[in-house]
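Here's a quick walk through a protein model, going from the overall fold down to one helix and one proline. Have a look at the structure first.

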Amino acid sequence: MNPILKNILAVVAGVIVGSMVNMGIVMISGSVIPPPEGGDITTMEGLKSTIHLFEPKHFIFPFLAHALGTLVGAFIAAKIAATRKMLMALLIGLFFLIGGTVNIAMLGGPMWFTALDIIVAYLPMAYLGYLLAKK
């Protein structure tokens, strides 16, 4: 297979699988840590209007979703890629970083979570995914 085509498919597969992991974790989060009383997390508007009710425990699963989605997506991309495996993994991290930044801009949230999410959940996890795939 053409290496360029294989690299493109690697990134697409990484985005899809990483997104599935992210959404899976987000979907189970409410059953593990219930949302705050009166908190509507089913819509973006509801989430935005009730995010001020969230305690630190309510940010555990969003962080895990972002970090593990990026990690798995980057791992898949690096495993599948024909060349430039680290670049393909970091592209996954960049994709999820952009998505996370847009999400934070729309929702807001506490500064500590924004900083933790932006600094730790995306590019470092993408690099870790690359390192794990390299083994």
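## The overall fold

Keep in mind that this is a predicted model. What you get is a protein with 6 helices and 0 strands, so as a globular protein of 135 residues goes, how compact is it? The radius of gyration is 16 Å, close to the 14 Å from the globule rule, so the protein is as compact as a globular protein of that length. The C-alpha trace covers about 55 × 25 × 25 Å along its principal axes.

As for packing, 38% of the 135 residues count as buried. Among contacts with a separation of 6 or more, 76% link residues 24 or more positions apart. The accessible surface is about 7,600 Å², with 75% of that belonging to carbon and sulfur atoms.

## Helix H1

H1 takes in residues 3-32. With 30 residues at 1.5 Å a residue, it should span 44 Å, and the 42 Å between its end C-alpha atoms agrees with that. At its start, a side-chain oxygen of Asn-2 comes to within 2.9 Å of the backbone nitrogen of Ile-4.

The buried residues in H1 include Asn-7, Ala-10, Val-11, Gly-14 and Val-15. Gly-18, Asn-22, Ile-25 and Ser-29 are buried as well. Their cover includes helix H3 (60-80) and helix H4 (85-107).

## Pro-110

Pro-110 sits in the loop between H4 and helix H5 (111-120). Its relative accessibility is 24%, so Pro-110 counts as partly exposed. Ile-51 is 59 residues away along the chain, yet the C-alpha atoms of Ile-51 and Pro-110 are separated by 8.9 Å.

Methods. Residues numbered from 1 in each chain as written. Predicted model: local features only at pLDDT ≥ 70, side-chain atom pairs only at ≥ 80, totals over all residues. Heavy atoms only, no water. Helix = DSSP H or I, 4+ residues; strand = E, 2+ residues; numbered from the N terminus. Expected span 1.5 Å × (residues − 1). Buried < 20%, exposed > 50% of the residue type's maximum accessible area, 1.4 Å probe, protein only. Contact = heavy atoms within 4.5 Å. Polar contact = N/O pair within 3.5 Å; in protein donor to acceptor, adjacent residues only side chain to side chain. Rg over C-alpha atoms; globule rule 2.2 N^0.38 Å. Areas by Shrake-Rupley, 256 points an atom, 1.4 Å probe, with all protein chains shown as cover.
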